[in-house]
Amino acid sequence: MAAFVAVLVTVAFSLLITRVGTTALVHTGLSRQVARFQARSAFFGVGFTTSESESVVNHPVRRRIVLWLVLLGNAGIVTVLASVVLSAKGGITPPRAGILAGGFAVLMLLARSTLLERMIDAALRRWSHLEIRDYADLLHLTGDFAVAELQVEHGDWLADRALGELHLRDEGVVVLGITRADGSWVGAPDGETVLHAGDVLVVYGREDRVCELDERGGGATGDAAHAAAVAEQERLEAEEEEREAVGAR
């Protein structure tokens, strides 16, 4: 009987370790579905060469979590499970099979428990520092897109104007925050926020558009550049919609 208890304990620890690994990966910004798949793949030594795996390997914190899962998975848990079953005295009789089946059923219910998930999440928040998001991945900072800082200077098209008046979103540029000249921070500014010389904007958009905006002067020339940028953005969006429509056919 002790051998079968050992089997259930081994499986319980395996489920707990993969659950903790999943939650830890979620804390770094992965979706729960992807985190669960990667945690189980690492623990059981199943390798998959996908873009999801690359996002784990290229992230230092995720890589460390996966490394621990690989080490624990290779520590002999599966081997111990097999040896315990094979060394069980008297073989697997119907009563013992029933005990194993019942034990596995209980473990599967616990593995799906949202209460256990909340407990693990609370423990990681309290005793770890895993809130390290991969913002490059979250913002899709690949290809043409970038996050950059723009400093507003006297005479710039941006200077002394409200964000709502500038209509930067029509150009495909989003202002994420502003560091004022006095060092104060304005997060997620609204349309009434006025920009002043000395402010540093944190913006998200296409890299070429961000660079052009940084160099854009004031007056009629700046307004003309804005109109051209809006037209360019509308063209890009129309092309993207056309590609999506063709792909949906």
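1. Let's start on the surface. Asp 170, Glu 234, Glu 237, Glu 241 and Glu 244 come together there as a patch of negative charge. One of them, Glu 241, sits in helix 10, which spans residues 219-248. Glu 241 counts as exposed because its relative accessible area is 55%, and the cut-off for exposed is over 50%. Keep in mind throughout that this is a predicted model.

2. Now the overall layout. The chain has ten helices and four strands. Reading from the N terminus, the order of elements is α-α-α-α-α-α-α-β-α-β-β-β-α-α. The chain has 249 residues, and 35% of them are buried. About 15000 Å² of the chain is exposed, with 60% of that supplied by carbon and sulfur atoms. As for contacts, take those between residues at least 6 apart in sequence: 70% of them join residues at least 24 apart.

3. On to charge pairs. Side chains of opposite charge can pair when their charged atoms come close. The structure holds nine salt bridges. One links the side chains of Arg 161 and Glu 165, with 3.2 Å from N to O. The two partners are covered to differing degrees: Arg 161 is buried at 18% relative accessibility, while Glu 165 is partly exposed at 44%.

4. Another salt bridge is worth a look for where its ends lie. Glu 171 pairs with Arg 216, and their closest N and O atoms are 2.9 Å apart. This pair ties together distant parts of the chain, 45 residues apart: Glu 171 is in the loop between helix 8 (163-166) and strand 2 (174-179), and Arg 216 is in the loop between helix 9 (207-215) and helix 10. Both Glu 171 and Arg 216 are buried.

5. Helix 10 also has a salt bridge of its own. The side chains of Arg 243 and Glu 240 meet at 2.6 Å, N to O. Both residues belong to helix 10 and are three residues apart, about one turn of the helix. Glu 240 is partly exposed, at a relative accessible area of 36%. Elsewhere, salt bridges with shared partners join Glu 171, Arg 209, Glu 212 and Arg 216 into one network.

6. What surrounds Val 152? This residue is in the loop between strand 1 (145-151) and helix 8. Setting aside residues up to four places away in sequence, Val 152 touches Leu 158, Ala 159, His 196, Ala 197, Gly 198, Asp 199 and Leu 201. Val 152 counts as buried because its relative accessibility is 2%, and buried means under 20%. Val 152 and Val 200 are 48 residues apart in sequence, yet their C-alpha atoms are 6.2 Å apart in space.

7. Leu 201, one of the residues that Val 152 touches, deserves its own point. You'll find Leu 201 in strand 4, residues 200-206. Its relative accessible area is 0%, so Leu 201 is buried. Apart from neighbours within four places in sequence, Leu 201 is in contact with Ala 148, Glu 149, Leu 150, Val 152, Leu 158, Val 175, Gly 177, Ile 178 and Leu 195. With Val 175, the gap is 26 residues in sequence and 6.7 Å in space, C-alpha to C-alpha.

8. Is Thr 18 buried or exposed? Thr 18 is buried, at 6% relative accessibility. Its place is in helix 1, which covers residues 2-27. Beyond residues up to four places away in sequence, Thr 18 touches Ala 39, Arg 40 and Phe 43.

9. Finally, a couple of backbone angles to check by eye. Most residues other than glycine have a negative phi, and most peptide bonds are trans. His 167 is not a glycine, but its phi is positive, at about 55°. His 167 lies in the loop between helix 8 and strand 2, and it is partly exposed at 43% relative accessibility. Ala 188 is another case: phi is near 45°, again positive in a residue other than glycine. Ala 188 is in the loop between strand 3 (185-187) and strand 4. With a relative accessible area of 64%, Ala 188 is exposed.

Note on methods
Residues are numbered from 1 along each chain as its sequence is written. This is a predicted model: local features need pLDDT of at least 70, side-chain atom pairs count only at pLDDT 80 or more; totals for chains, interfaces and linings use all residues. Side-chain values use heavy atoms; hydrogens and water are left out. Patches are made of residues with over 30% relative accessible area and no salt bridge: like charges are joined within 9 Å, nonpolar side chains (Val, Leu, Ile, Met, Phe, Trp, Tyr) within 5 Å. Accessible areas come from the Shrake-Rupley method with a 1.4 Å probe; for residues, only the protein chains shown count as cover. A salt bridge is a side-chain nitrogen of Lys or Arg within 4 Å of a carboxyl oxygen of Asp or Glu. Lys and Arg count as positive and Asp and Glu as negative; His and the chain ends are not counted. The place of a charge is taken as NZ of Lys, CZ of Arg, CG of Asp or CD of Glu. Helices (H or I, at least four residues) and strands (E, at least two) are DSSP runs, numbered from the N terminus. Buried means under 20% relative accessible area, exposed over 50%, partly exposed in between (1.4 Å probe, protein chains only). Contact means heavy atoms within 4.5 Å.
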